[in-house]
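Student: Can we go through this one together? I'd like to start with the charged pairs.

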Amino acid sequence: MENLIKDLRKQIQWQTSTVFLHPEDIKLGSEPSGTAIKMLLNAALEKALLDCMEWDNVADKMCRLFLYGLGVEKGNLTSYNLLKVRASFEAWMPQSDTEIVSNIAQLRGAKVISVETASEYSPFAEPDEYERIKKEKLE
């Protein structure tokens, strides 16, 4: 009976593109790698990416409606309608901060990305991090 329940749970997860994380699914001792998380959540991510593409048109229409309303409110309809603004959705995937920082350090060490790009993608950086780095170099 227990095996039947486990099999049904796996089939429900697969067919609905959802993931149920139970305590027995999480191994203690070390942080799971980003690859392991992505493999576990692969079906859910694929569904989320398809949903993002489906809803992008709705987001663009909502953005245009907002710009139109703002233009009417401010009395400057033409200039707000000429703004090139695009709204979109992005599928979110849990990621290991340690792995992200390690990848950024490796790319920066190989001179594949700039210091500015590295500071933009760091999960611990403030929005003005690159300005702070330039300020430190001047001191």
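Tutor: What follows covers salt bridges, cysteines and one helix. This is a predicted model, where local features need pLDDT of at least 70 and side-chain atom pairs count only at pLDDT 80 or more, while totals for chains, interfaces and linings use all residues. Residues are numbered from 1 along each chain as its sequence is written, and side-chain values use heavy atoms, with hydrogens and water left out.

Student: How many salt bridges does the structure hold?

Tutor: Four, a salt bridge being a side-chain nitrogen of Lys or Arg within 4 Å of a carboxyl oxygen of Asp or Glu.

Student: Which residue does Asp56 pair with?

Tutor: Asp56 meets Arg86 at 3.8 Å, N to O. Asp56 lies in helix H3 and Arg86 in the loop between helix H4 (77–81) and H5, so the pair ties together parts 30 residues apart in sequence. Helices here are DSSP runs (H or I, at least four residues), numbered from the N terminus.

Student: Is Asp56 buried or exposed?

Tutor: Buried, at 15% relative accessible area; Arg86 is exposed, at 57%. Buried means under 20%, exposed over 50%, and partly exposed in between (1.4 Å probe, protein chains only).

Student: Where do Asp51 and Lys47 lie?

Tutor: Both are in helix H3 (residues 42–74), four residues apart, about one turn. Their closest N and O atoms are 3.2 Å apart, in a salt bridge.

Student: Switching to cysteines: how many disulfides?

Tutor: Zero, counting pairs of cysteine sulfur atoms within 2.5 Å. Cys52 is buried at 12%, and Cys63 is buried at 13%.

Student: And what comes just after H5?

Tutor: Lys111, with a positive phi of about 60°. Helix H5 itself covers residues 97–109.

How values were computed:
Helices (H or I, at least four residues) and strands (E, at least two) are DSSP runs, numbered from the N terminus. The expected span of a helix is 1.5 Å times one less than its number of residues.
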